[in-house]
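Let's walk through this structure together, starting with a charged pair and then widening the view. Keep the sequence and the 3D view side by side as you read.

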Amino acid sequence: MPTTTYSSPVRGDKSFTCADLPTLAFDKLVDRDPQELTKLLAAGEKEGFFYLDLTKSESKGLSDDYETILSVMKTWFDQPLEEKVKYAYGSDTQG
């Protein structure tokens, strides 16, 4: 997969490499824009990955949801091991 190397915007920081993947606009996907949906299908079939542009105001709620999810995860993982083991299924793919 092709990549591009960028200089860090932070002075003295190292450069970093990003995969050359398509970027899809979340707001257009929500609006079911035909061209953006076509890009989504193509990205899924070709690369299997894509960048999702969450910079528009329509994406604001996702950031709030993300913070809520992080809080729930922290609460879960802060439990004693004895409590978490009650939910262990003995599988690497389930729990």
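Asp78 is exposed, at 53% relative accessibility. Its side chain meets that of Lys74 in a salt bridge, with 2.7 Å from N to O. Please keep in mind that this is a predicted model.

How many salt bridges does the structure hold? There are four, and two others besides the Lys74 pair are worth a visit. Glu83 pairs with Lys86, and their closest N and O atoms are 3.0 Å apart. In this pair, Lys86 is exposed, with a relative accessible area of 60%, whereas Glu83 is partly exposed at 24%.

Now turn to helix α2, where Glu36 and Lys39 form a salt bridge whose closest N and O atoms lie 3.7 Å apart. The two residues are three positions apart in this helix, so about one helical turn separates them. Glu36 is buried, with a relative accessible area of 5%, while Lys39 is partly exposed at 36%.

Which charged residue is buried yet has no salt bridge? That is Asp27, which you will find in helix α1. The nearest side chain of opposite charge belongs to Lys56, 5.7 Å away, and a salt bridge calls for a nitrogen within 4 Å of a carboxyl oxygen. Leaving aside neighbours within four places in sequence, Asp27 is in contact with Lys56 and Glu58.

Follow the chain from α1 (26-30) towards α2 (34-46) and you pass through the loop that holds Arg32. The phi angle of Arg32 is near 60 degrees, a positive value in a residue that is not glycine. Arg32 is exposed, with a relative accessible area of 64%.

Now step back to the whole chain. It has four helices and four strands, arranged from the N terminus as β-β-β-α-α-β-α-α. The radius of gyration is 19 Å, whereas a compact globule of 95 residues would have one near 12 Å. Along the principal axes, the C-alpha atoms fill a box of roughly 50 × 40 × 30 Å.

Burial and contacts add to this picture. Of the 95 residues, 11% count as buried. Among contacts with a separation of 6 or more, 37% join residues 24 or more positions apart. The chain exposes about 8,100 Å², and carbon and sulfur atoms supply 57% of that area. As for charge, the chain carries 11 positive and 17 negative charges, and the mean positions of the two sets are 5 Å apart.

Definitions and conventions: Residues numbered from 1 in each chain as written. Predicted model: local features only at pLDDT ≥ 70, side-chain atom pairs only at ≥ 80, totals over all residues. Heavy atoms only, no water. Rg over C-alpha atoms; globule rule 2.2 N^0.38 Å. Buried < 20%, exposed > 50% of the residue type's maximum accessible area, 1.4 Å probe, protein only. Contact = heavy atoms within 4.5 Å. Areas by Shrake-Rupley, 256 points an atom, 1.4 Å probe, with all protein chains shown as cover. Lys, Arg positive; Asp, Glu negative; His and termini not counted. Charge placed at Lys NZ, Arg CZ, Asp CG, Glu CD.
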